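This report introduces a structure to a reader who has not met it before. It considers aromatic contacts, charges placed over rings, and the spaces enclosed by the protein.

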Amino acid sequence: MSEYYFDGKGKAFRPIIVVLMARACNIHHNNSRDVQASQRSIALIAEMIHTASLVHDDVIDDASSRRGKHTVNKIWGEKKAVLAGDLILSAASIALARIGNTTVISILTQVIEDLVRGEFLQLGSKENEDERFAHYLEKTFKKTASLIANSCKAVSVLGCPDPVVHEIAYQYGKNVGIAFQLIDDVLDFTSCSDQMGKPTSADLKLGLATGPVLFASQQFPEMNAMIMRRFSLPGDVDRARQYVLQSDGVQQTTYLAQRYCHEAIREISKLRPSPERDALIQLSEIVLTRDK
């Protein structure tokens with residue numbers, strides 16, 4: 001069960017960023033292109049923490065498909081799925097302890113707390129429309145960007161003693177992470193389910209108001225009642241989807257993602273030039289143009 005998602009079919013977006021960041025920081029620090037074993041471990045640990053969170057999120061959401069196949073909870077049931085997620089997280093914890101660096105342990109432990117707090121934020125909702133967007137961005141940071149930001153920071157700590165570099169790595173990961181999730185939320189409206197490997201309008205069906213919905217509700221205030229009742233009445237999901245597609249919610253969310261990506265590029269450009277640094281710049285551009 002724990003091996004089920006480690007089939008090499010995911011994008012491996014997080015490990016790729018982490019290894020590129022490791023090389024970019026190492027080159028910046030002492031012109032060495034080699035990735036240390038401990039840095040490579042961070043890439044594995046990041047993907048393990050991510051995967052454990054997917055297994056648990058699918059239980060919470062009662063999801064039946066992910067990455068184009070049945071979820072763990074669908075095949076083996078909820079109780080076993082919870083335990084499988086725990087096992088993956090424990091394997092990640094052991095790997096993290098083996099690195100033996102207390103700073104790095106603190107950094108990645110923060111991620112696990114953020115994932116839990118982010119899931120709690122997603123379970124709640126805000127009445128006030130101004131608070132709603134801040135709530136959504138905080139949830140997005142905790143559920144998605146924190147893992148990327150802190151994994152980038154961890155490899156920078158292992159490769160370079162300069163706190164300025166640690167902050168650059170963190171800010172790059174944070175901004176790319178938020179942009180990545182904003183685009184994910186756009187794809188929920190614009191892409192068909194065979195592309196995503198999971199059904200579209202999934203967020204609306206879960207009662208979630210993501211970026212495109214929140215922007216659309218500024219143009220169509222009648223959406224606010226639907227947001228408050230979490231699209232629970234018959235026809236709510238389809239009506240909300242129509243409102244979003246009639247509004248410029250998708251465009252505005254994409255534009256917001258673009259701003260986060262530009263900020264990521266601005267940060268990483270402070271590092272000494274290297275092929276890896278340039279790859280991280282390209283990667284932040286790919287985040288905006290991906291379709292799955």
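## Aromatic pairs

Across the whole structure, a search identifies six aromatic pairs. One of them joins Phe-133 and Tyr-136, whose rings meet edge-to-face, with 5.6 Å between their centres and an angle of 75° between their planes. The model in which these contacts are found is a predicted one.

Both Phe-133 and Tyr-136 belong to helix H6, which covers residues 129-159. Three residues separate the two positions, about one turn of the helix. Are these two residues buried or exposed? Phe-133 has a relative accessible area of 18%, and because the limit for a buried residue is under 20%, Phe-133 counts as buried. Tyr-136 is likewise classed as buried, with a relative accessibility of 4%.

Aromatic contacts also link residues into a group: Tyr-4, Tyr-5 and Trp-76 together make up one aromatic cluster.

## Charges over rings

Two contacts between a charged side chain and an aromatic ring may be described here. In one, Lys-174 places its charged end over the ring of Phe-141, at 6.0 Å from the ring centre. In the other, Arg-290 is positioned over the face of Phe-180, and the distance to the ring centre is 4.0 Å.

## The second largest pocket

The second largest pocket holds about 280 Å³ of space. Its lining consists of 14 residues, and those closest to the pocket centre are His-56, Asp-57, Leu-115, Val-116 and Glu-119. Two elements give two or more residues each to this lining, namely helix H2 (37-61) and helix H5 (102-123).

In terms of residue class, the lining of the second largest pocket comprises nine nonpolar, two polar and three charged residues.

## The cavity

How many cavities of 30 Å³ or more does a search of the whole structure find? The search returns one. The space in the largest cavity amounts to about 200 Å³.

Sixteen residues are not all equally placed around this space: of the 16 residues lining the largest cavity, Gly-124, His-135, Leu-208, Ala-209 and Arg-230 lie nearest its centre. Helices H5 and H6 each contribute at least two residues to the lining. The greatest contribution comes from H6, which supplies four residues. By class, six of the lining residues of the largest cavity are nonpolar, six are polar and four are charged.

Notes: Residues numbered from 1 in each chain as written. Predicted model: local features only at pLDDT ≥ 70, side-chain atom pairs only at ≥ 80, totals over all residues. Heavy atoms only, no water. Phe/Tyr/Trp six-rings, centres within 6.5 Å; stacked < 30°, edge-to-face > 60°. Buried < 20%, exposed > 50% of the residue type's maximum accessible area, 1.4 Å probe, protein only. Lys NZ or Arg CZ within 6 Å of the ring centre and 35° of its normal. 1 Å grid on protein atoms, 1.4 Å probe; cavity = no way out; pocket = protein on both sides within 12 Å on 5 of 7 lines; lining within 4 Å. Points joined across faces, edges and corners; volume = space filled by probe spheres on them. Nonpolar A, V, L, I, M, F, W, Y, C, P; charged D, E, K, R; others polar.
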